[in-house]
Amino acid sequence: MAGIGFELRKIYKKKTLFSAVTGTLYATMVVMGPAVIFILALLLIHVILRLNSATLAETDFFVSSFTYSFLIALLVSTPVSNVLSRYISDKIFEHRYEDISASLLGSITLITAVCGSIAAVLCYLLYTKDGVELSLLIPYYMLCILAGNMYNLMNYVSALKEYLRVTFSFVAGFGLGAVIFLILYYGFHADILNAVYYGVVIAVLFIDMFLIRECLRFFGKPGEKSFEYLQYFNKYPQLAIAGMAYMLGVFLTNLAYWYSSDFQLRVGIFRTAPLYDMAIFLALIINFPALIIFVVKIETEFYEANVKYLSALNKGSYMMIESEKEAMENTLKLQLFFVYNTQLMITVFLICAIGVIFPYLGLASVTINMFMILGMGVYCTLCMYFTIVMLYYFSDYVSACIGACTFLGIEILAILICGYLKEYFYPLPLLIAGICGWCISFFLLRRRIKNLNRYLLSK
């Protein structure tokens with residue numbers, strides 16, 4: 001998030017109430033803007049399906065198939081994203097922007113090949129086992145590929161400063177998708193699922209093309225080293241493993257309960273657990289503010305303290321180095337615990353509020369009970385993620401990998417145990433794994449900071 005850090009520091013430098021509000025709104029638009037637009041678009045699609053008398057089977061099929069396509073995109077793109085982020089940072093430092101443009105094309109090729117292969121298997125099963133028509137399989141296959149590349153492109157977008165234009169691309173993309181849906185469904189009387197899927201595909205295609213255009217405009221003409229970034233998988237394998245372990249851990253309980261819980265639902269070749277999925281969706285929503293708070297605090301207060309420490313390390317005396325290191329360490333602790341404590345209060349308040357209000361809106365009591373535990377589970381998991389990000393910040397990739405793999409390993413063990421118990425125990429694996437991963441990661445972060453002088457001076 002190099003670009004947002006520059007903009008936020010410029011805004012907060014004025015130190016006024018207006019600048020504080022402006023900086024918070026800016027960070028919200030950058031961090032959460034595309035995600036909020038995406039969620040609103042999905043909710044709107046669900047409403048459209050209901051208003052146009054789509055059958056329950058059609059609605060369930062759309063939700064299930066859509067979830068699988070984006071889960072595939074996330075799991076494929078995340079390990080590549082961690083490695084690409086390091087590659088892009090190195091190339092920006094070296095001012096080799098043509099290599100970044102080249103890696104953009106290379107990563108698109110890789111993501112397209114992997115997502116396309118998995119999507120081809122899914123489409124084959126949908127065609128042979130469920131009898132889904134080719135007219136629906138074509139946009140579904142395209143969506144799996146386009147979604148993977150959309151997540152991949154976010155690595156490059158983070159190096160740009162045109163965040164509002166990126167948010168606008170999501171608004172314009174889904175607006176265009178809505179127009180396509182209206183034309184197909186009301187103009188050509190297409191099947192509602194076909195119309196919805198083609199609308200979504202056009203929307204995501206527009207977003208991808210817009211982001212590619214912005215990246216090439218910023219980084220310039222591509223060089224010839226399209227796949228040089230693949231060398232970073234050998235150089236920093238811990239980055240790919242940590243990213244995959246974390247993302248898989250976040251969704252592992254969903255995957256497990258889709259196929260083994262008491263409330264699993266079969267929709268063709270797909271499996272879902274609607275009660276659990278709704279609970280974890282709400283848990284993710286109430287913890288979103290932590291992402292904004294973390295970006296603001298780390299990219300403003302901590303960044304300045306870290307710059308002073310690195311300057312002292314380069315040309316300061318021993319006393320100055322120790323003084324600035326202590327100041328940087330205290331700032332990091334203060335800001336991290338501010339994020340931890342603030343989000344804890346938000347999470348607890350929203351858990352209580354939803355627990356009181358949502359039963360009157362018809363939400364199942366089982367979902368509410370699971371949500372109360374999952375809300376804290378997602379909170380602990382996010383705190384672990386923030387701690388791992390700081391390990392990335394100090395280039396301690398081995399410790400980041402240990403923290404993420406500990407999280408995943410404990411979650412697998414907890415799922416195996418809780419899977420044999422009743423549904424009331426289903427939310428526990430994420431909570432237990434999140435706490436353990438968080439504690440391990442924080443311990444490793446403290447160890448890295450304690451030995452930071454030795455590490456940086458030996459590089």
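1. Let me start with a lysine: Lys91 has a relative accessible area of 6%, so Lys91 is buried. Bear in mind that this is a predicted model. Lys91 has two acidic partners to look at. With Asp99, the side chains meet in a salt bridge at 3.5 Å, N to O. Asp99 is buried as well, at a relative accessible area of 2%.

2. The other partner is Glu228, whose salt bridge with Lys91 has its closest N and O atoms 3.3 Å apart. This one links distant parts of the chain, since Lys91 sits in helix α3 and Glu228 in the loop between α7 (192-219) and α8 (231-235), 137 residues apart. Glu228 has a relative accessible area of 16%, which is under the 20% cut-off, so Glu228 goes down as buried too.

3. What network do these bridges belong to? Salt bridges link Lys91, Glu94, Arg96, Glu98, Asp99, Lys225 and Glu228. Within that network, Arg96 and Glu98 form a bridge whose closest N and O atoms are 3.0 Å apart. Arg96 is partly exposed at 29% relative accessible area, and Glu98 is partly exposed at 31% relative accessibility. For the whole structure, the salt bridge count is 12.

4. On to the rings. The model has 29 aromatic pairs. Take Phe70 and Tyr151: the ring centres are 6.3 Å apart and the planes stand at 90 degrees, so call this pair edge-to-face. Phe70 belongs to helix α3 (residues 56-94) and Tyr151 to helix α5 (residues 134-157), so to speak a link between distant parts of the chain, 81 residues apart. Phe70 is buried, with 7% relative accessibility, whereas Tyr151 is partly exposed at a relative accessible area of 23%.

5. A second pair worth pulling up is Phe337 with Phe442. Their centres lie 5.7 Å apart with the planes at 80 degrees, so this pair is edge-to-face. Phe337 comes from helix α12 (residues 318-357) and Phe442 from helix α15 (residues 428-450), so the pair ties together parts 105 residues apart in sequence. Phe337 is partly exposed at 36% relative accessibility, and Phe442 is partly exposed at 21% relative accessible area.

6. Which residues make up the ring cluster around Phe70 and Tyr151? Ring pairs join Phe61, Phe62, Phe66, Tyr68, Phe70, Tyr140, Tyr151, Tyr197, Trp258 and Phe270 into a cluster. There is also a charge over a ring to check: the charged end of Lys235 sits over the ring of Tyr232, 5.4 Å from the ring centre.

7. Have a look at Tyr379 while you're in there. Tyr379 lies in helix α13 (residues 365-393) and counts as buried, with 4% relative accessibility. What does Tyr379 touch, leaving aside neighbours within four places in sequence? The contacts are Asn287, Tyr340, Gln343, Leu344, Thr347 and Trp438. For one of them, Gln343, the C-alpha atom is separated from that of Tyr379 by 7.6 Å, with the two positions 36 residues apart along the chain counted as their separation.

8. Stepping back to the whole chain, the secondary structure amounts to 16 helices and two strands. Of the 459 residues, 51% count as buried. Among contacts with a separation of 6 or more, 81% come from residues 24 or more positions apart. The accessible surface is about 21500 Å², and carbon and sulfur atoms account for 70% of that.

9. Now the confidence. The chain averages a pLDDT of 84, and 88% of the residues score at least 70. Among the elements, helix α14 (residues 397-418) has the highest mean pLDDT, 94, and helix α1 (residues 2-12) the lowest, 44.

10. Two stretches need a caveat. Residues 1-9 stay under 50 in pLDDT, and the model has 31 contacts for them beyond four places in sequence. Residues 17-24 also stay under 50, with 10 such contacts in the model. Where pLDDT is low, predicted coordinates should not be read in detail.

Methods:
Residues are numbered from 1 along each chain as its sequence is written. Side-chain values use heavy atoms; hydrogens and water are left out. pLDDT is the predictor's confidence in each residue, from 0 to 100. Helices (H or I, at least four residues) and strands (E, at least two) are DSSP runs, numbered from the N terminus. Contact means heavy atoms within 4.5 Å. Rings of Phe, Tyr and Trp (its six-membered ring) pair if their centres lie within 6.5 Å; planes under 30 degrees apart count as stacked, over 60 as edge-to-face and the rest as tilted. Buried means under 20% relative accessible area, exposed over 50%, partly exposed in between (1.4 Å probe, protein chains only). A charge sits over a ring if NZ of Lys or CZ of Arg is within 6 Å of the ring centre and within 35 degrees of the ring normal. A salt bridge is a side-chain nitrogen of Lys or Arg within 4 Å of a carboxyl oxygen of Asp or Glu. Accessible areas come from the Shrake-Rupley method with a 1.4 Å probe; for residues, only the protein chains shown count as cover.
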